[in-house]
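Biologist: Could you pull this one up and walk me through what you see? I'll ask as we go along.

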Amino acid sequence: MANTSSIFSLLLLLFLNLPVFISNAKAQTQNSVGMNSVSAVFVFGDSTADPGNNNYVTTTFKSDFPPYGRDFVNHIPTGRFTNGKLASDFIAKYLGIKEFVPPYLDPNLRIEELMSGVSFASAGSGFDPLTPQIGNVISMSKQLEYFKEYQSKVAAAIGQEKTKEVITNALFLVSAGTNDFVVNYFTIPIRRKNYTISAYTDFCLQNVQQFIQDLWDLGARRIGVVGLPPMGCLPLVITLYSDSALTKRGCIDTFSSIAQDFNQKLQIQLNATQIRLADNGSRIAYLDVYGPLEEITSRGQKYDFEEVSSGCCGTGWLEASFLCNPKSYACPDASKYVFWDSIHPTEKSYSIVFQVLQPIIDYIIGN
């Protein structure tokens, strides 16, 4: 009877504590495949993801001077095209990897900093090879070359196997495309002579597809690809293409429709790629920035924005890069503005976009 009583007591104890055991096991499982297993963040693209690579490039597409960085740590103009942090910085912090994603070209980066991730992005770049040539910036293909160089540097320090492990468990973010349309197709006549807008969209998407495949071939397995924003809501586009920009500063539907078409095709393409590569443990997903940016530009008051169609810097209609400089007027409170300059969102806008993207980030990393 004593043994029976002991067994009964043990079973009762297990039953009473079963929820705790299950909860702990679930937490351990989540930690093993979730955020704690993300080794690094690697970022590719344009000014939406460039934390300062263009500081080391001979180009006019720079932002390493005030008032850029006004609300960054110690008010430093790092080369980010905004007043503070980028969405990729918020993502890196959310994953518990680092506070900010540094530029790969920074010569002062230590190996520990390299190992936890860097950005290869360059303001003014795009998927069309012609786009980065306009501003003499780093092409997407060159960014891939830098990533190969990165792997060699890290392998020399920690070995091939550990480097492979870092790459396999890293999150890869790709954010580009707006320059292909706004800076290239609609500004310079070269592509318009040979492509309709629909054909040019397909041309850019073919380059996206090749870029993702190249990333995968280099070891990337968790990839998030950012779609286009509502391009017709960019202050610069409103200024240049509105019938009456002085009095009517609503979004230009034509440009936003192009972005929607691009995004729909991109989603189909990425879903097909995910299905094709799923057996290899890949997670490739579309990151929607169109939705949150359209929401905050159309319903600004809901998010405590006072200005949705002009940037904080200068008039907010045309200024960006060197046109937004130390002599430029800057609004007192950037958190009241959706856009920092005539093209780029404020830190607050990037923060809102990140919050919307968080569930998709969780999916990509397997959380």
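Biologist: Leaving out residues up to four places away in sequence, which residues does Gly-219 touch?

Modeller: One thing up front: this is a predicted model. Gly-219 sits in the loop between helix 9 and strand 3 (222-226). Beyond its sequence neighbours up to four places away, Gly-219 touches Ile-167 and Thr-168.

Biologist: Is Gly-219 buried or exposed?

Modeller: The cut-off for buried is under 20% relative accessible area. Gly-219 comes in at 18%, so the call is buried.

Biologist: How far apart in space are Gly-219 and Glu-165?

Modeller: Along the sequence, Gly-219 and Glu-165 are 54 residues apart. Going from C-alpha to C-alpha, the distance between Gly-219 and Glu-165 is 9.3 Å.

Biologist: Let's go to the largest nonpolar core. Which element gives it the largest share of residues?

Modeller: That core has 86 residues, and the members touching the most others are Phe-42, Tyr-150, Phe-172 and Leu-215. Nine of the core's residues come from one element, and that is the largest share. The element is helix 9 (residues 197-217).

Biologist: And which residues does Leu-215 touch, if I skip those up to four places away in sequence?

Modeller: Leu-215 is one of the core members that touch the most others. With the close sequence neighbours (up to four places) left out, Leu-215 touches Phe-44, Leu-144, Phe-147, Phe-172, Val-174, Ala-220 and Ile-223.

Biologist: How many residues are in the other core, the one apart from it?

Modeller: That other core includes Ala-123, Cys-312, Ala-320 and Cys-324. Its residue count is 12.

Biologist: Now the largest pocket. Which helix supplies the largest share of its lining?

Modeller: The pocket holds about 930 Å³ of space. Several elements give at least two lining residues each: helix 2 (87-94), strand 2 (171-175), helix 7 (178-185), helix 10 (235-241) and helix 13 (347-365). The largest share is four residues, and it comes from helix 7.

Biologist: Which lining residues lie nearest the pocket's centre?

Modeller: There are 46 residues in the lining of the largest pocket. By type, they split into 32 nonpolar, 13 polar and one charged. Nearest the centre are Ser-47, Thr-178, Asn-179, Ile-343 and His-344.

Biologist: On to the aromatics. Why do Phe-90 and Phe-354 count as stacked?

Modeller: There are 29 aromatic pairs in the count. For Phe-90 and Phe-354, the ring centres are 6.1 Å apart. Planes under 30 degrees apart count as stacked. The planes of Phe-90 and Phe-354 are at 15°, so the pair is stacked.

Biologist: How many residues apart in sequence are the two?

Modeller: Phe-90 and Phe-354 are both buried. Phe-90 is in helix 2 and Phe-354 in helix 13, so to speak two distant parts of the chain, and the gap is 264 residues.

Biologist: What kind of pair do Phe-186 and Phe-255 form?

Modeller: Phe-186 lies in the loop between helix 7 and helix 8 (189-194) and Phe-255 in helix 11 (residues 253-277), so the pair ties together parts 69 residues apart in sequence. Phe-186 is partly exposed at 23% relative accessibility, while Phe-255 is buried at 5%. Centre to centre the rings are 4.7 Å apart with 50° between the planes, and that makes the pair tilted.

Biologist: Where is the cis peptide bond with omega near 5°?

Modeller: Look in the loop between strand 1 (41-45) and helix 2, where Pro-67 lies. The cis bond runs from Pro-66 to Pro-67.

Biologist: That loop also holds His-75. What is its phi?

Modeller: His-75 is exposed, with a relative accessible area of 59%. Its phi is positive, in a residue other than glycine, and lies near 60°.

Biologist: Where does Asp-304 sit, given its phi near 65°?

Modeller: Asp-304 has a positive phi too, again in a residue other than glycine. At 43% relative accessibility, Asp-304 counts as partly exposed. Its place is the loop between helix 12 (290-298) and strand 5 (307-311).

Biologist: Last one: what percentage of the chain's residues are buried?

Modeller: The chain comes to 13 helices and six strands. Out of 367 residues, the buried share is 53%.

Notes
Residues are numbered from 1 along each chain as its sequence is written. This is a predicted model: local features need pLDDT of at least 70, side-chain atom pairs count only at pLDDT 80 or more; totals for chains, interfaces and linings use all residues. Side-chain values use heavy atoms; hydrogens and water are left out. A nonpolar core is a set of buried Ala, Val, Leu, Ile, Met, Phe, Trp, Tyr and Cys residues joined through side-chain atoms within 4.5 Å. Buried means under 20% relative accessible area, exposed over 50%, partly exposed in between (1.4 Å probe, protein chains only). Contact means heavy atoms within 4.5 Å. On a 1 Å grid over the protein atoms alone, a cavity is a set of points where a 1.4 Å probe fits but cannot get out, and a pocket is an open set with protein on both sides within 12 Å along at least five of seven lines; lining residues have an atom within 4 Å of a point. Grid points are joined across faces, edges and corners, and a volume is the space filled by probe spheres set on the points. Ala, Val, Leu, Ile, Met, Phe, Trp, Tyr, Cys and Pro count as nonpolar, Asp, Glu, Lys and Arg as charged, and the others, Gly among them, as polar. Rings of Phe, Tyr and Trp (its six-membered ring) pair if their centres lie within 6.5 Å; planes under 30 degrees apart count as stacked, over 60 as edge-to-face and the rest as tilted.
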